Amino acid sequence: MTTAIEAGSPAPGFTAPTNDGGSLSLDSLRGKAVVLYFYPRDDTPGCTREAQEFTEALPEFAAAGAEIVGVSKDTAAKHDKFREKYGLPFTLVSDAESDICERYGVWVEKKNYGKTYMGIERATFLIDADGTVTKVWRKVKVPGHVEKVLEAVQALNQADG
């Protein structure tokens, strides 16, 4: 059953395979802000643009003490190719079984050209250093999104500082 995660909710934990044959546990990132973004598929126009915009803004996210983590159902091997092709410097998590997507409520029914299917809703969750979701963006439109997330990360730091 899909749950709606909202601001103020504890971020659902996970451990999952990543690019470079590794694995990532959300708990391992405690102590810093995490931008957890869900996207439909590697190497598609919108997903590529979103990843590139996060990459371009990475110095500002790093200065604000935030880690960026992307999640899709693509395999870790496909993530490796996607990262290499576009020079993506952050971790991509493989959620092949949709477990993380379901925990965050982004595995949803979608419609395209009259067909209904299950897929990942483009969404971003800002998680604070204590593991609490502080902001949620659903049904994300890529243009301007990364700037909004960066502003929220910087505001989170000012509130903490």
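Leu24 is buried in this predicted model, with a relative accessible area of 11%. The residue belongs to strand 2. Its C-alpha atom is separated by 9.2 Å from that of Leu92, a residue 68 positions apart from Leu24 along the chain.

**Salt bridges**

The structure contains 8 salt bridges. One of them joins the side chains of Arg83 and Asp20, with a distance of 3.3 Å from N to O. This pair links distant parts of the chain, the two residues being 63 residues apart. Arg83 sits in helix 3 (residues 76–86), while Asp20 is found in the loop between strand 1 (15–17) and strand 2 (23–25). Arg83 counts as buried because its relative accessibility is 16%, and the cut-off for buried is under 20%. Asp20 has a relative accessibility of 62% and therefore counts as exposed, the cut-off here being over 50%.

A salt bridge also forms between the side chains of Glu67 and Lys32, at 3.2 Å from N to O. Glu67 is part of strand 4 (residues 66–72) and Lys32 is part of the loop between strand 2 and strand 3 (33–38), so this salt bridge ties together parts of the chain that are 35 residues apart in sequence. Glu67 is partly exposed, at 26% relative accessible area. Lys32 is also partly exposed, at 34% relative accessibility.

Where do Arg103 and Asp99 lie? Both are in helix 4 (residues 99–103), 4 residues apart, which is about one turn of the helix. In their salt bridge the closest N and O atoms are 2.6 Å apart. Arg103 is partly exposed at 33% relative accessibility, and Asp99 is partly exposed at 37%.

The table lists these three pairs with their N to O distances.

| Residues | Distance, N to O |
|---|---|
| Arg83 and Asp20 | 3.3 Å |
| Glu67 and Lys32 | 3.2 Å |
| Arg103 and Asp99 | 2.6 Å |

**Positive phi values**

Most residues other than glycine have a negative phi. Asp20, described above for its salt bridge with Arg83, has a positive phi near 60 degrees. Its place is in the loop between strand 1 and strand 2.

Tyr113 is another residue other than glycine with a positive phi, in this case near 50 degrees. Tyr113 is located in the loop between strand 6 and strand 7. Is Tyr113 buried or exposed? Its relative accessibility is 80%, so Tyr113 counts as exposed.

**A hairpin**

Strand 8 (residues 123–127) and strand 9 (residues 133–137) run antiparallel and are joined by 4 bridges. Ile127 has Val133, in strand 9, as its bridge partner. The two strands form a hairpin with 5 residues between them. Gly131 lies in the turn of this hairpin and has a positive phi of about 90 degrees.

**Cysteines**

How many disulfides does the structure have? The count comes to 0. Cys47 is in no disulfide, and the nearest cysteine sulfur, that of Cys101, is 12 Å away. Cys101 is likewise in no disulfide, with the sulfur of Cys47 as its nearest cysteine sulfur at 12 Å. A disulfide would need the two sulfur atoms to be within 2.5 Å, so a separation of 12 Å does not qualify. Cys47 is buried, with a relative accessible area of 0%. Cys101 is buried too, at 0% relative accessible area.

**The largest pocket**

The largest pocket holds about 340 Å³ of space. Its lining is made of 16 residues. Which of these lie nearest the centre of the pocket? They are Pro40, Arg41, Lys110, Tyr117 and Ile120. Helix 1 (45–56), strand 6 (107–112) and strand 7 (115–120) are the elements that each give two or more residues to the lining. Sorted by class, the lining of the largest pocket has 7 nonpolar residues, 5 charged residues and 4 polar residues.

Technical notes: Residues numbered from 1 in each chain as written. Predicted model: local features only at pLDDT ≥ 70, side-chain atom pairs only at ≥ 80, totals over all residues. Heavy atoms only, no water. Pairing = 2+ DSSP bridges. Salt bridge = Lys/Arg side-chain N within 4 Å of Asp/Glu carboxyl O. Buried < 20%, exposed > 50% of the residue type's maximum accessible area, 1.4 Å probe, protein only. 1 Å grid on protein atoms, 1.4 Å probe; cavity = no way out; pocket = protein on both sides within 12 Å on 5 of 7 lines; lining within 4 Å. Points joined across faces, edges and corners; volume = space filled by probe spheres on them. Nonpolar A, V, L, I, M, F, W, Y, C, P; charged D, E, K, R; others polar.
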